[in-house]
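Here is a friendly walk through the model below. Keep the sequence and the 3D view side by side as you read.

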Amino acid sequence: MKILTKSFWTKFFIQTSQRFSPVFLSVVLLMLVLVYFFVYFTGGTQNAYLHAMYIPIVFISAVYGIKGGLVIGVIAGLLLGPIMPHDTTTIVMQDTINWVYRMLYFMGVGALVGFILDRVRYQFETIHELYTHATETGIPNYQMYLSKFDEHESDSADVSLTMLINNYEDIVVLIGREQYAELLKKIYAALIEVLDGAEIYQVDTRKLWIELSQKSFKNNYVKMLQRFEDETFVINDVPLYVDIAIGVYIGRTEDFSRLDAFRASEIAALHAKKNMLKYSIYQSDFSYPHHHLERLGSLPMAIKNKELYLLYHPIVDLKTDQVVAFEALIRWKKDGEVINPLEFIPLAEETKLIDSITEWIVKEVIADYPKLTSKNDVMININVSQRNLYNPSLIERIIELIKEENYKDKTIGIEMTESTVMLNLNLTRTLLTTLKEAGIPMAIDDFGTGYSTLSCLSELPIDRLKIDCDFVMRMFQDKGTESLVKMIINYAHELDIEVVAEGIETERLEKALKNLGCDFGQGFYYAKPLPIDEAKAFMIAYNNKKKS
Ligand code: C2E
Ligand code: MG
Ligand code: MG
């Protein structure tokens, strides 16, 4: 999918749909003339050479659709019609019925090719639109930015801005995701209005990237800040307070690409947010790497100091309404503050620390398991990182630890993200087979966010796939996502793979997923991740309630 926006076919379908090209028309005109002379000098319409006329007909109708197909059909019919002899040596002309019939044939073929290609083009444009625009808002997205990357590398739009919506969570809690999308559309419209000639991209739900010229930036920047200061964005009659932070990077040098410029503006925006400023201009001493290092440095001690702990997130069997499994999720409590895994696992993954952390998690889960049940009737899933796969001795160690305690076969399982699996398919296939042979159930995590793995599913020895939170949450916002979820479930079932839907936050979502035949559900609708004792209490209470 990555290369979709740059592929030949995308260019062909999207660009030819804009249609008028004098060069193309001249080439086709030349073809018509050549075919005319070709037919003439090979003896007239009595010979089969006249079928060469289908070449320009197909070309024109492919590009100009049904109407183009009909027009070229008439032109081609007339060229090989009253003015073209049946036999050029004896100059015997054709019967009218003969060329009229042929002309109708040409028109029919032109219209048919035009019709088919118009349908294909429509499908292509729809896919392209979905791929290059944020689904909920229709604002050009990161893929669109990438597709224009080369075009703009040297143009004059050399100011990069990142706009963060700081109070995104609060707004979503207040008005819901659908209305939040409406708000983003209003913000987008306001920016387009204020910032002359700016290009704006929605990079994620709370972040916009804006690119504009220095002139436009100088003329309009203050106006933009004022607009956000003065204007209250009203959604469903509710005036909302939108707290923004803007990061600015000005100018571009040879060793600083457009993408680098946006990264710098992101760092500046984070700086603004952290210091409660409305905006901040990038300075080279915004030392985020240093900040990362500090955090990384204290991570080894975190294990020793018992600052890491696990929470367990229940997974419910959607057919029996019983909690049948948990996912172990790590947390780090540092100086009284709980740090989310997304803030330190990616850092740890850049180092060998991730192996120690994963080994610690396996041991911790094994120790916690008897606190949950004494009957080996519940499964606990552990998240394994991509980097862990490059350490075969760690994989052996995990197998050994699980086997030692006899926790194999549906008691302790492993989750691996889709992008991890796809990164090195051959390696992961071998490792997955090793784990499978050791009796450890395998799940692909965050399915739907990475590269398209559907085609590879049949080759992988996996037991479950987990559809990503974002995907599941979007189900009610667009039909396309719902169809995709349905297709994933059906396809997985055909391969005897069970499906877990992550991110179930409402009863309505649970019901919809049950209707689609999804096997398991996980999400805040059931519970937030819990400490082991609370997880056990929750499971007992939930299961009893549902049984009665
Ligand atoms: P994941 O493995 O996909 O875990 C699911 C994440 O989605 C968890 O976030 C969970 O709290 C969240 N989630 C589940 N249901 C809902 C819902 O209904 N609504 C919302 N908004 N969120 C929901 P968490 O615990 O913050 O973990 C984030 C990611 O960090 C995990 O995604 C996983 O990739 C990584 N992670 C967490 N623990 C570990 C770990 O022990 N080892 C490794 N390697 N990675 C971990
Ligand atoms: Mg997971
Ligand atoms: Mg997940």
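## The magnesium site

In this predicted model, Asp 446 is partly exposed, with a relative accessible area of 23%. Asp 445 is buried, at 5%; the cut-off for buried is under 20%, which means that Asp 445 falls below it and Asp 446 does not.

Both residues serve the magnesium ion (ligand 3): its protein donors are Asp 445 (OD), Asp 446 (OD) and Glu 502, which is listed with two OE donors. These donors lie 2.0 to 2.4 Å from the ion. Along the sequence, the donor residues follow the spacing D-D-x55-E. A second ion, the magnesium ion (ligand 2), sits 4.0 Å from ligand 3, and Asp 445 coordinates both.

## A helix with a bend

Now turn to helix H7, which covers residues 168–194. How far does H7 span between its end C-alpha atoms? The span is only 22 Å, whereas a straight helix of 27 residues would reach 39 Å at 1.5 Å a residue. If you follow H7 along, you will find a bend of about 110° at Gly 176.

The buried residues of H7 include Ile 171, Ile 175, Tyr 180, Leu 184 and Val 194. Among the elements that the buried residues of H7 pack against are strand E3 (159–165), strand E4 (199–204) and helix H8 (214–230).

## The domain layout

Zooming out, the domain assignment divides the protein into domain 1 (2–132), domain 2 (142–282) and domain 3 (293–547). The centres of domain 1 and domain 3, taken over C-alpha atoms, are 56 Å apart.

Note on methods. Residues numbered from 1 in each chain as written. Chains lettered and ligands numbered in written order. Predicted model: local features only at pLDDT ≥ 70, side-chain atom pairs only at ≥ 80, totals over all residues. Heavy atoms only, no water. Donors = N, O, S within 2.8 Å, 3.2 Å for Na, K, Ca; no water. Buried < 20%, exposed > 50% of the residue type's maximum accessible area, 1.4 Å probe, protein only. Domains from an automatic or database assignment. Helix = DSSP H or I, 4+ residues; strand = E, 2+ residues; numbered from the N terminus. Expected span 1.5 Å × (residues − 1). Bend = angle between axes of the 7 residues up to and from the residue. Contact = heavy atoms within 4.5 Å.
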